[in-house]
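Let's take a walk through one corner of this fold, a helix and the sheet beside it. Have the viewer open and follow along.

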Amino acid sequence: MNESINQKIIQHKAWLDSLGSIGNQLYIYEIDLSGINLSNKDLTSAILPEVTLKGANLENIILNDSNIASCNFSMANLENAQVVKATADYAVFNKAKMQNSNFLRTTFFESSLISANLTGANLEKALFSEANLENAIFLNANLTNASLNKCRLSGINLCGAIGIETVSTDWIDIGEGGDSKRLSGKDAINWLIERAQSFS
């Protein structure tokens with residue numbers, strides 16, 4: 001691991017453990033940490049806007065209450081991560097491994113999760129407003145009271161997902177190949193429910 005980053009993480013741990021009395025809150029902005037190993041690190045309340053974490057190992061990481069807006073997590077491993085009440089707006093999670101992670105109340109405004117794997121993830125009350133979820137895998141995920149407002153959902157796998165009937169949305173876009181095909185109101189919810197009940 002980059003030595004300066006490692007030192008900042010040590011300072012952040014001290015800051016967390018002392019409730020802010022010593023150490024420093026982790027703040028990293030617009031740097032490339034592609035391929036870094038941050039597995040099992042506690043980065044609660046970290047501020048990491050526009051950080052590139054392509055292909056990073058973030059398994060079991062804790063990012064609760066963090067600011068990860070505009071970060072690039074393409075092909076990163078976020079399995080079993082704790083990302084509760086985080087800000088992930090404008091972030092990129094394309095082809096990321098996000099299985100069994102906890103994204104309770106996290107916001108994904110205009111984020112891209114194309115072909116991301118969220119099998120078994122907890123997305124209760126998560127906000128996916130205007131996000132691109134094309135070909136994403138939500139197998140057995142918990143979407144109770146989540147928002148899929150104005151999201152692109154072509155090719156999404158919702159098999160076994162729970163809480164679909166509680167999802168909120170003005171409309172969803174299920175158009176393929178860049179074409180737009182919007183469903184609104186009950187038509188949108190019924191489409192989602194059908195996908196959740198599909199085992200094909």
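One bit of vocabulary before we start: a residue counts as buried when its relative accessible area is under 20%, and as exposed when that value is over 50%. Also keep in mind that what you're looking at is a predicted model.

Start with helix α2, residues 185-196. Its twelve residues reach 17 Å from the first C-alpha to the last, close to the 16 Å expected at 1.5 Å a residue. Now look at who is tucked away: the buried residues of α2 are Ala-188, Ile-189, Trp-191, Leu-192 and Ala-196. They sit on the same side of α2, because they cover an arc of only 155 degrees around the axis. Flip to the other side of α2, and you'll find Lys-186, Asp-187 and Glu-194 exposed.

So what do the buried residues of α2 pack against? That would be two strands, β2 (171-173) and β3 (182-184). The helix lies across both of them, and α2 runs at about 105 degrees to β3.

Zoom out a little to the sheet itself. It's an open one with three strands in the order β1-β2-β3, and the pairing is mixed. The edge positions go to β1 (151-152) and β3; each has a single partner strand, so one side of each is left without a neighbour in the sheet.

Finally, look at how β2 and β3 are joined. These two strands run antiparallel, with three bridges between them. To see one pairing up close, pick Ile-172: its bridge partner in β3 is Leu-183.

Key
Residues numbered from 1 in each chain as written. Predicted model: local features only at pLDDT ≥ 70, side-chain atom pairs only at ≥ 80, totals over all residues. Heavy atoms only, no water. Helix = DSSP H or I, 4+ residues; strand = E, 2+ residues; numbered from the N terminus. Expected span 1.5 Å × (residues − 1). Buried < 20%, exposed > 50% of the residue type's maximum accessible area, 1.4 Å probe, protein only. Arc of directions from axis to C-beta. Contact = heavy atoms within 4.5 Å. Pairing = 2+ DSSP bridges. Axes fitted to C-alpha atoms, helices over the stretch in contact; angles between N-to-C directions.
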